[in-house]
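Okay, thanks for coming, everyone. Let me put the model up on the screen and then talk you through it.

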Amino acid sequence: MTNHRISLTINGEYEQVDVPSNMTLLQMLREKLAQTGTKNGCMAGECGACTVILDGEPVNSCMVLAVECDGANVVTVEGLAKDGVLDPVQQAIIDHGGVQCGFCTPGMLISSRALLDRNPNPTEEEIREALVGNLCRCTGYLRIVDAVKDAASRQQALTV
Ligand code: FES
Ligand code: FES
């Protein structure tokens with residue numbers, strides 16, 4: 001399989017990576033860059049565990065080829081905390097008990113961050129819609145939705 005050299009920014013760091021043409025973004029993150037926070041749940045675009053922000057939009061990284069990401073800007077769960085301080089969505093999901101097994105959590109956090117970046121004050125309906133592609137088998141979703149609402153409030157308090 002031919003390798004292709006791609007250049008991209010991941011969590012603010014410039015990276016050059018040699019990837020085979022059939023490697024997904026998810027595989028590249030986990031296998032080439034040891035960024036294992038992004039989870040492999042289904043490899044079929046069904047579960048959302050692999051969600052990352054690609055050029056500002058949440059995507060299932062198992063459905064994107066790494067070679068398509070040449071020049072892209074990618075944010076993974078490893079990029080949410082800044083200078084040792086958790087992102088408001090991370091802190092809120094802990095405080096609301098929205099983590100059980102934790103497998104869905106990186107994808108939930110990324111989808112939530114992408115939502116709050118484009119809509120800082122979402123309704124409950126908008127939160128549920130933003131998380132519809134992220135499956136959780138443990139929590140029943142209520143605590144996660146409450147956490148995102150709270151994260152929005154905390155984020156707004158930080159900006160006034
Ligand atoms: S691993 Fe990508 S959607 Fe499930
Ligand atoms: S906390 Fe287990 S799948 Fe969501």
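So, the lining of the largest pocket: sorted by class, that's nine nonpolar residues, three polar and one charged. Keep in mind that what you're looking at is a predicted model. The volume of this pocket comes out at about 160 Å³. And which residues sit closest to its centre? Of the 13 in the lining, those are F103, C104, L135, C136 and R137.

Okay, from pockets to cavities. How many cavities of 30 Å³ or more does a search of the whole structure find? One. There's about 40 Å³ of space in it. Its lining is made of V89, I93, M108, L109, S112, A147, V148 and A151. If you want to find those on the screen, look at α2, residues 88-95, then α3, 105-118, and α5, 142-159: these are the elements that each give two or more residues to the lining. By class, the cavity lining has seven nonpolar residues, one polar and no charged ones.

Now the cores. As a bit of background, nonpolar side chains tend to be buried together in soluble globular proteins. Here, the largest nonpolar core has 22 residues, and the members that touch the most others are M108, L109, L116, I127, L131, I144 and V148. Again the elements giving two or more residues are α2, α3 and α5. There's also a second, separate core, with 17 residues, and V17, L25, L33 and A72 are among them.

Let me stay with V148 for a second, as that one came up in the cavity lining as well. What does V148 touch, once we leave aside its neighbours within four places in sequence? That would be S112, L115, L116, I127 and L131.

Let's move over to helix α1, residues 25-32. Its buried residues are L25, L26, M28 and L29. They pack against three strands: β1 at 3-10, β2 at 13-20 and β3 at 51-54. Just after α1 comes A34, with a positive phi, near 55 degrees.

That brings me to backbone angles. In general, most residues other than glycine have a negative phi. M43 goes the other way, with a positive phi near 55 degrees. You'll find M43 in the loop between α1 and β3, and it's partly exposed, at a relative accessible area of 35%. Y141 is another one with a positive phi, in this case near 75 degrees. Y141 sits in the loop between α4, residues 124-130, and α5. Buried or exposed, or something in between? At 27% relative accessibility, Y141 counts as partly exposed.

Next, the loop between β4, 57-60, and β5, 73-75, where we find C62. S61 is in that loop too. Let me take S61 to begin with. S61 is buried, with a relative accessible area of 0%. Setting aside neighbours within four places in sequence, S61 is in contact with T24, L25, L26, T38, C50 and V52. To give you a sense of scale, the C-alpha atoms of S61 and G140 are separated by 24 Å, and the two residues are 79 apart along the chain.

And C62? It has a relative accessibility of 7%, and buried means under 20%, so C62 counts as buried. Its contacts, again without the neighbours within four places, are T24, L26, M43, A44, G45 and C50. Take A44: it's 18 residues away from C62 in sequence, but 6.8 Å away in space, going C-alpha to C-alpha.

With cysteines on the table, how many disulfides does the structure hold? Zero. Let's work through C69. The closest cysteine sulfur to the sulfur of C69 belongs to C50, and it's 12 Å away. A disulfide needs the two sulfurs within 2.5 Å, so that's too far for a bond. C69 itself is buried, with a relative accessible area of 1%. C138, on the other hand, is partly exposed, at 32%.

Right, to wrap up: one pocket lining with nine nonpolar residues, one cavity of 30 Å³ or more, a largest core of 22 residues with a second, separate one of 17, and zero disulfides. That's it from me, so over to you.

Notes
Residues are numbered from 1 along each chain as its sequence is written. Chains are lettered from A and ligands numbered from 1 in the order in which they are written. This is a predicted model: local features need pLDDT of at least 70, side-chain atom pairs count only at pLDDT 80 or more; totals for chains, interfaces and linings use all residues. Side-chain values use heavy atoms; hydrogens and water are left out. On a 1 Å grid over the protein atoms alone, a cavity is a set of points where a 1.4 Å probe fits but cannot get out, and a pocket is an open set with protein on both sides within 12 Å along at least five of seven lines; lining residues have an atom within 4 Å of a point. Grid points are joined across faces, edges and corners, and a volume is the space filled by probe spheres set on the points. Helices (H or I, at least four residues) and strands (E, at least two) are DSSP runs, numbered from the N terminus. Ala, Val, Leu, Ile, Met, Phe, Trp, Tyr, Cys and Pro count as nonpolar, Asp, Glu, Lys and Arg as charged, and the others, Gly among them, as polar. A nonpolar core is a set of buried Ala, Val, Leu, Ile, Met, Phe, Trp, Tyr and Cys residues joined through side-chain atoms within 4.5 Å. Buried means under 20% relative accessible area, exposed over 50%, partly exposed in between (1.4 Å probe, protein chains only). Contact means heavy atoms within 4.5 Å.
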